[in-house]
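Grab your viewer and work through a few exercises on the structure below. Try each task yourself before reading its solution.

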Amino acid sequence: MFQGLFFLRFLGIFCIDNHVICKEGQFNFFLSIVYSENQLSWTLPIKPWIFSEYRIMWFKSCKMTFVCFNRMKSYRYPWTRLYSTSGTTVDSSEVKTFLALAHRWWDEQGVYAPLHSMNDLRVPFIRDNLLKTVANHQPGKPLSGMKILDVGCGGGLLTEPLGRLGASVIGIDPVAENIETAQRHKSFDPVLDKRIEYRACALEEIVEETAETFDAVIASEVVEHVTDLETFIQCCWQVLKPGASLFITTINKTQLSYALGIVFAEQIAGIVPKGTHTWEKFVSPEMLESILESNGLSVQTVAGMFYNPFSRYWHWSENTSLNYAAHAVKSGAQEHQVPAESVLKEETEELQATASTIAGVREEVKK
């Protein structure tokens, strides 16, 4: 007990009539002391702005414990990870949400109507950027010969259009009922049945067997649902071939996206089922670009997207404060390496050209 009181005096804390006055810089406050037989507990009526950046602070000395609770507001040190380090990127609570809607994927007037409409933007966005990497393509099947991984494919709303463009597509989703819906729908088209393969699994489960396999990875409306974004991006990098593309569509983390994307779209208009999104998981283009670049992916394009709930159509926009699409390319060592023989040949030719020029100048001087 006396050791604890000595510690208080050391901090500049004085006891007056069963109250403690603490004066340490700007932290002036009163504490009520409640005595018990074995411990000393404290009650702290602290002003809202004091310690506002901290969830909990501890000061200990012998048997004395000082605990300060304020607003439940987390503080993250700059050297800590931004995302969880769990073994999976799948959020089990979100799996339950999509499980309940697994049978409604192909209802074009239902809860997934915005995703059906989004194909008008995202399919050409993927196709046109992939065609920049090939010299020739077949009419009607421009993506023929390409292997694409559609992560979080749901019922196959984006997987099927990519298959119709000639690509060989693997669609994966952690919700087995979503995969059953996708399998059933593609079975009606014999052509798609050959080009598309579906698997009920998470991305990290197929990384080893599909390393550097795909010409493109699609994560459309997915990254705002994963538990560990950095691990997810690392897995995307691993399954991409050098020079291959990653396409992402997602929601920006802004006040506007909260107001329109959650309050209006989910709670008022019912455009999206309640609980579909968690605002804390939204990611800004700047943060996404930082994670992509730090994991060996060079961002090529970021474009804003806007959904009109009245016309039910999507439009490209210069404003990225709501939805946006991003295209990144996996950098490959071979893109930056020049064979030593080529370098030596070029240097030899330059030296020969320089020697010829000098010889010509000397001849002119003699004349």
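What follows is a short set of tasks, each with a worked solution.

Some ground rules. This is a predicted model, where local features need pLDDT of at least 70, side-chain atom pairs count only at pLDDT 80 or more, and totals for chains, interfaces and linings use all residues. Residues are numbered from 1 along each chain as its sequence is written, and side-chain values use heavy atoms, with hydrogens and water left out.

**Exercise 1.** Find the largest nonpolar core and work out which elements feed it.

*Solution.* Start with the term: a nonpolar core is a set of buried Ala, Val, Leu, Ile, Met, Phe, Trp, Tyr and Cys residues joined through side-chain atoms within 4.5 Å. Buried stands for under 20% relative accessible area, exposed for over 50%, and partly exposed for in between (1.4 Å probe, protein chains only). The largest such core has 34 residues, and Leu130, Leu143, Ile148 and Leu162 have the most contacts inside it. Next, the elements: helix 3 (113-131), helix 5 (176-186), strand 9 (196-200), strand 10 (214-220) and strand 12 (297-308) each give two or more residues. Helices (H or I, at least four residues) and strands (E, at least two) are DSSP runs, numbered from the N terminus. Helix 3 supplies the largest share, eight residues. Apart from this core lies another, of 33 residues, with Leu203, Val223, Leu229 and Ile233 among them. As background, nonpolar side chains tend to be buried together in soluble globular proteins.

**Exercise 2.** Which residues of helix 5 are buried, and where do they sit around its axis?

*Solution.* First, list them: Asn178, Ile179, Thr181, Ala182 and Lys186 are buried in helix 5. Then check the arc, taken from the directions from the helix axis to the C-beta atoms. These residues are on the same side of helix 5, because their arc is only 160 degrees.

**Exercise 3.** Find the side chain of opposite charge nearest to Asp150.

*Solution.* Locate Asp150 in strand 7 (residues 147-151). For charges, Lys and Arg count as positive and Asp and Glu as negative; His and the chain ends are not counted. The nearest opposite charge is Arg122, 7.0 Å away, and buried Asp150 has no salt bridge (a side-chain nitrogen of Lys or Arg within 4 Å of a carboxyl oxygen of Asp or Glu). Now the neighbours: not counting residues up to four places away in sequence, Asp150 touches several residues, including Leu158, Val169 and Ile218 (contact means heavy atoms within 4.5 Å).

**Exercise 4.** What polar contact does the side chain of Ser245 make?

*Solution.* Ser245 belongs to strand 11 (residues 240-251). With 1% relative accessibility, Ser245 is buried. Its side chain meets that of His327 in a polar contact of 2.9 Å. That term covers a pair of N or O atoms within 3.5 Å; within protein, one must be able to donate a hydrogen and the other to accept it, and residues adjacent in sequence count only if both atoms are side-chain atoms.

**Exercise 5.** How many residues apart in sequence are Val239 and Glu212, and how far apart in space?

*Solution.* Val239 is in helix 7 and is buried at 0% relative accessible area. Glu212 is in the loop between strand 9 and strand 10, partly exposed at 46%. The two are 27 residues apart in sequence and 4.5 Å apart in space, C-alpha to C-alpha. Finally, check the backbone: phi of Glu212 is near 50 degrees, a positive value in a residue other than glycine.
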